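Here are my notes on the model you asked me to look over. Have it open beside you while you read.

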Amino acid sequence: MTHSLDDGHGHQARSGRDLALLALGALGVVYGDIGTSPLYALKECFAPEHGLALTRENVLGVLSLVFWAMTFVVSFKYISFVMKADNRGEGGILALLALVRPHGGGQPTGRRIVLIGMALFGAALLYGDGIITPAISVLGAVEGLGVATHVLDPAVVPLSAVILTALFLVQRRGTAGVGIIFGPVMLVWFTCIALLGLRGIALAPEVIAAINPVHALRFFRADGLVGFLILGSVVLVVTGGEALYADMGHFGRRPIRLAWFSVALPALLLNYFGQAALLLAQPTPAVRDNPFYALVPGWALYPMVVVATTAAIVASQALISGAFSLTRQAVQLGYSPRVTIIHTSAKELGQIYIPQVNQALWLGCIALVLGMRSSSNLAAAYGIAVTGTMIITTLLFYTVARDRWHWPMWRVGALCGLFLVVDLAFFAANLVKVEHGGWIPLAVAGGIYLLMTTWHLGRRRLSAIVAENTLPFDLFLPDIARRQPPRVPGTAVFLTSVPNGAPPVLLHHLKHNKVLHQKVVIMSINTQEVPQVEDAERTTCQPLGEGFFLVTAQYGFMETPDVPKALQQLGERLRAGGQADGGFRPADTSYYLGRETLIVDRKAKGPHVAGPEGRMATWRKKLFAIMSRNAQSATAFFQLPPNRVIELGAQIQF
């Protein structure tokens, strides 16, 4: 998706048509999650276990909470403020993490360590959200089959499982083709729910009074603790706030805002008001059990199930694609092992497929559908992940506003304090869900957080070991000049994470083969804390003498490294500058990699690693060793030609 609009990141609009097309795309990708919440949100607010009678006061009170939750959390917090905290146009919690990490790759200390830990846990919570959202959306849509007749009730769970399985199976084909219809599908969906809402409002127009926040205050005063706990269900109407922030880079702020205020928000509010009006006009158990489908005329029920299921698939796709993107960012930022990243589109940078993540999400979704068996049961697990991430986003936003934008304390304190009051209220109301299924996203997040921190710490320790065994250039190069080992034609590229000396793999090669190529490139890959790096800034080359060159390639956290392409571009640039040694020719280049075998020794102290997490328990060392063995090979990850790669093994006492 090309940024051609003035969306706050320097993109200039070419025409109103461009803006409309981007807004339509945003409607499909960004608002799928929050757009399908009418299927289950209001139903859960009046679920029998809450014990709320369908009185005028209760209905208007809950509806007022819904209205102001959407207004405050989505329109005010995310659309108006949080979306300003972008990293060169990219949003999301890992983009915020890149903003709060120390500049220049230094080690964090004090408050920064806490913030980074919170950001990682927030990212881990999004994986839990990514498992629950497809399951609850598809189940909520298919449950419409049971409204007309309970004969079809037994088919709801198996049909939902089949739909989800088909959805995950087509991921390998990419979403470029399907993505074209996302916007129109969601436009049809929002149009349908808006019309249904108008039909409901006509039954009891007095529901419009719920816009007055006094009804929400009266509801809290009258129902006390029960009224507070209802917030745990009300939060279901704002579950897509993080999604619109994370997808900001695909469309820009302006199209996302246009899609929200012109289509998504009006349609959602009309439908919620319509459902509430129906509850007032027909306060029966059948309406309470599923007020969304109760709004649908009998002749339109099955077509609406089809439309709702299609919208649920779109919502699920957005979360799945988001998980792929999140994983790639984690790999580039050093918090995940290398994984298989397949680019499914030659034009769209963000179109990727990660088989390992896809399989894990599929297993999680199917387990939830088969275990929970209804959207109501799943709703009990939903909300913890979303509200936890909302709190973390607020705290990170506070840091960015203070440190990057230099807002005065009174301003950022008042604003973020207001955000936190609402976030903490929603989170506290969701705590009662922990024993009823809320532990599921917390368990998923806890496991992923453990893996992410273990990998990050393990890589730091491994880099320290490599650094200890790296021979500084001021010692190595004079020795090469003195010994003059035989040189063979071609270029040898040695990849290393420590670019300040001759890496161990080069020393092993020289020791055993006693020969060097005419041109030797010591190459390191750096990930910048920006989404993308311009091709002109991709590589730097420093001649070291004796035919040695130090090359550094820079990549953003939204990019996948391509070492041969980077070297080819470097060679073209150097030749254009008249440098005779600028040719890095693929056919004459060999790549040398070190394959480390980690030997876990509980008595080995290893190198000192700065930070409070410097000590590594034996069980974490073993976990890191397992993760390292199962990581994607460096050959595939760096897109090296397999027939030109030489791997030299080494055992490392870890």
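What follows is a set of numbered points on the sheet, the charged residues and the cysteines.

1. Before anything else, keep in mind that this is a predicted model.

2. Let's start with the sheet. Six strands make an open sheet with mixed pairing, in the order β7-β8-β6-β4-β9-β10. The edge positions go to β7 (539–545) and β10 (645–653); each has a single partner strand, so one side of each has no neighbour in the sheet. From one strand to the next, the twist averages 25°.

3. If you want to look at one strand pair, try β9 (residues 589–599) and β10: they run parallel and are joined by nine bridges. Within this part of the sheet, I599 sits opposite Q653 in β10. There is also a helix packing on the sheet, α25 (residues 563–576), which touches β4 (487–495), β6 (516–528), β7, β8 (548–556) and β9. The direction of α25 makes about 70° with that of β7.

4. On to charges: the structure has eight salt bridges. One of them pairs E143 with K43, with the closest N and O atoms 3.4 Å apart. This pair ties together distant parts of the chain, 100 residues apart: E143 is in the loop between α6 (111–142) and α7 (145–148), while K43 is in helix α3 (residues 41–45). Both partners, E143 and K43, are buried.

5. Two other salt bridges are worth a click. D535 and R538 meet at 3.3 Å, N to O. Here D535 is partly exposed, at 43% relative accessible area, whereas R538 is buried, at 6%. Salt bridges with shared partners also join D479, R482 and R483 into one network. Within that group, D479 and R483 come together at 3.1 Å, N to O; both are in helix α23 (residues 473–483), four residues apart, or about one turn of the helix.

6. Which side chain of opposite charge is nearest to R288? That would be D289, but at 5.9 Å away, and the buried R288 has no salt bridge. A salt bridge needs the nitrogen and oxygen within 4 Å, so that distance doesn't qualify. R288 belongs to helix α15 (residues 285–289). Not counting neighbours within four places in sequence, R288 is in contact with K43, F46, A47, L52, A53, L54 and L279. You'll recognise K43 as the salt-bridge partner of E143.

7. Last, the cysteines. How many disulfides does the whole structure hold? A search finds zero. As for individual cysteines, C416 is buried, with a relative accessible area of 4%, and C541 is partly exposed, at 25%.

Note on methods: Residues are numbered from 1 along each chain as its sequence is written. This is a predicted model: local features need pLDDT of at least 70, side-chain atom pairs count only at pLDDT 80 or more; totals for chains, interfaces and linings use all residues. Side-chain values use heavy atoms; hydrogens and water are left out. Helices (H or I, at least four residues) and strands (E, at least two) are DSSP runs, numbered from the N terminus. Buried means under 20% relative accessible area, exposed over 50%, partly exposed in between (1.4 Å probe, protein chains only). Lys and Arg count as positive and Asp and Glu as negative; His and the chain ends are not counted. Contact means heavy atoms within 4.5 Å. Two strands pair if DSSP finds at least two bridges between them. Axes are lines fitted to C-alpha atoms, for helices over the stretch in contact, and angles run from 0 to 180 degrees between N-to-C directions. A disulfide is a pair of cysteine sulfur atoms within 2.5 Å.
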